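User: Hi! I've got a new model open and I'd love some help finding my way around it. Can we go through it together?
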Amino acid sequence: VTGVPDDGQGTAPESADLVARAVSGQAAAVARALTELELGSARALALIPALWRLAPRAARIIGVTGAAGVGKSTLVSRMVAEYAGLSARPAVLAIDPSSETSGGSFLGDRIRMTELAPAAFVRSLPNRAVAGGLAPAAAICVAFLVRCGFDPVIIETVGVGQSEISVSRIAQTTVTCLAPGLGDRIQAAKAGLMESADIFVITKSDLPAADTAVKQVLAMANLGQRAPGSWRRPVCAVSAVTGDGVTDLVAKVSEHQDWARRSGRLETSSQALAAECVRWAVHLLTRSVPGNGAGDTLRIASADVAAGRTDPVTASRRLLAAS
Ligand SMILES: Nc1nc2c(ncn2[C@@H]2O[C@H](COP(=O)(O)OP(=O)(O)O)[C@@H](O)[C@H]2O)c(=O)[nH]1
Ligand SMILES: [Mg+2]
């Protein structure tokens with residue numbers, strides 16, 4: 001393969017320094033590093049091996065999805081405060097928060113979230129102009145935040161379109177938000193959005209139509225043949241205005257995480273995360289999107305990354321050198 005950039009040796013000391021500052025919790029350093037990852041700069045390629053040389057860390061990765069305006073960001077602010085109260089250090093990655101009806105309110109969201117939890121890290125990822133595609137960029141940012149020691153890492157995403165559905169694959173627990181008064185639309189909601197749900201949340205439970213919405217969603221949440229030992233999807237009513245239901249939701253997330261650990265689901269999502277990270281690195285190294293033909297080799301490289309044997313960039317370099 002030609003066109004593979006050098007291994008970033010020239011920027012190694014700088015990258016190690018930025019990584020050290022990010023790991024020590026300096027928000028500016030984390031933000032800087034994520035910008036490099038999004039842009040897909042040469043430095044981004046040096047940051048990943050530098051971070052992966054440090055001790056691995058584990059984190060809960062929670063997806064919060066639902067249509068624009070349904071109350072995701074308000075809910076995430078509450079969740080962040082709840083986790084911070086449990087001495088966790090949460091991070092939020094909001095994907096494309098500016099394009100839908102919320103138009104440009106991300107700044108307000110970030111202020112609300114960090115007011116409630118000053119140690120939290122909150123960042124948006126634009127939908128456009130992301131190196132390698134949205135899902136790979138989100139994956140590498142999530143993996144980076146996990147390695148920096150944030151826990152949980154919450155991905156807020158508008159639940160429409162292919163990229164959001166693939167983003168939900170990298171979450172260990174997907175919280176699907178539905179607002180009251182959308183009874184008819186619940187049936188019409190995108191199948192992918194409903195299928196990927198591990199926990200349903202009826203947002204805005206302070207509104208009168210919330211009880212009906214809870215009943216409607218309960219009626220369809222666990223339809224069909226369910227294998228023994230499978231997860232029964234709960235329906236939580238939450239008001240981000242009064243705070244009702246937030247503690248219960250966080251408890252349901254913990255229950256789902258316990259189930260995910262036992263059932264192998266955590267393993268599957270960490271493999272999906274590793275695969276997207278490798279995809280991101282291969283794109284940067286070759287400036288092309290790996291095709292379907294690359295499936296097997298990508299899988300081998302991803303398994304090494306998921307098992308913690310190597311980092312996504314080193315795995316991708318080896319993969320490209322061998323092809
Ligand atoms: N009554 C009520 N309004 C809410 C609640 N949560 C959010 N909202 C309002 O719903 C609108 C959209 O909320 P936002 O969190 O930005 O939705 P997102 O687009 O899904 O992130 C805002 O005007 C919020 O104030 C809630 O629990 N109760
Ligand atoms: Mg939002």
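User: Which way do H12 and H14 cross, left-handed or right-handed?
Analyst: In this predicted model, H12 passes H14 in a right-handed crossing.

User: Cool. What's the angle there, roughly?
Analyst: The axes of H12 (residues 265-286) and H14 (residues 312-322) cross at roughly 60° and come within 8 Å. That angle makes H12 oblique to H14.

User: And which residues make that contact?
Analyst: On the H12 side they include Trp280, Ala281 and Leu285. H14 brings residues including Pro312, Arg317 and Leu320. Sorted by character, the residues of this contact are 10 nonpolar, two polar and one charged.

User: Okay, what about H3 and H6, how do they cross?
Analyst: H3 passes H6 in a left-handed crossing. The axes of H3 (residues 42-52) and H6 (residues 134-147) come within 10 Å, at roughly 35°.

User: Who meets whom there?
Analyst: Leu47, Ile48, Leu51 and Trp52 of H3 meet Ile140, Ala143, Phe144 and Arg147 of H6. Seven of the residues in this contact are nonpolar, none is polar and one is charged.

User: Switching topic: what coordinates the magnesium ion?
Analyst: Ser73, through OG, and Glu156, through OE, coordinate the magnesium ion (ligand 2) at 2.1 to 2.2 Å. Ser73 sits in helix H4 (residues 72-85) and Glu156 in strand S4 (residues 153-158), so the pair ties together parts 83 residues apart in sequence.

User: Are Ser73 and Glu156 buried or exposed?
Analyst: Both Ser73 and Glu156 are buried.

How values were computed: Residues numbered from 1 in each chain as written. Chains lettered and ligands numbered in written order. Predicted model: local features only at pLDDT ≥ 70, side-chain atom pairs only at ≥ 80, totals over all residues. Heavy atoms only, no water. Axes fitted to C-alpha atoms, helices over the stretch in contact; angles between N-to-C directions. Helix = DSSP H or I, 4+ residues; strand = E, 2+ residues; numbered from the N terminus. Left-handed = near helix turned anticlockwise from the far one by under 90°. Contact = heavy atoms within 4.5 Å. Nonpolar A, V, L, I, M, F, W, Y, C, P; charged D, E, K, R; others polar. Parallel < 35°, antiparallel > 145°, perpendicular 65-115°, else oblique. Donors = N, O, S within 2.8 Å, 3.2 Å for Na, K, Ca; no water. Buried < 20%, exposed > 50% of the residue type's maximum accessible area, 1.4 Å probe, protein only.
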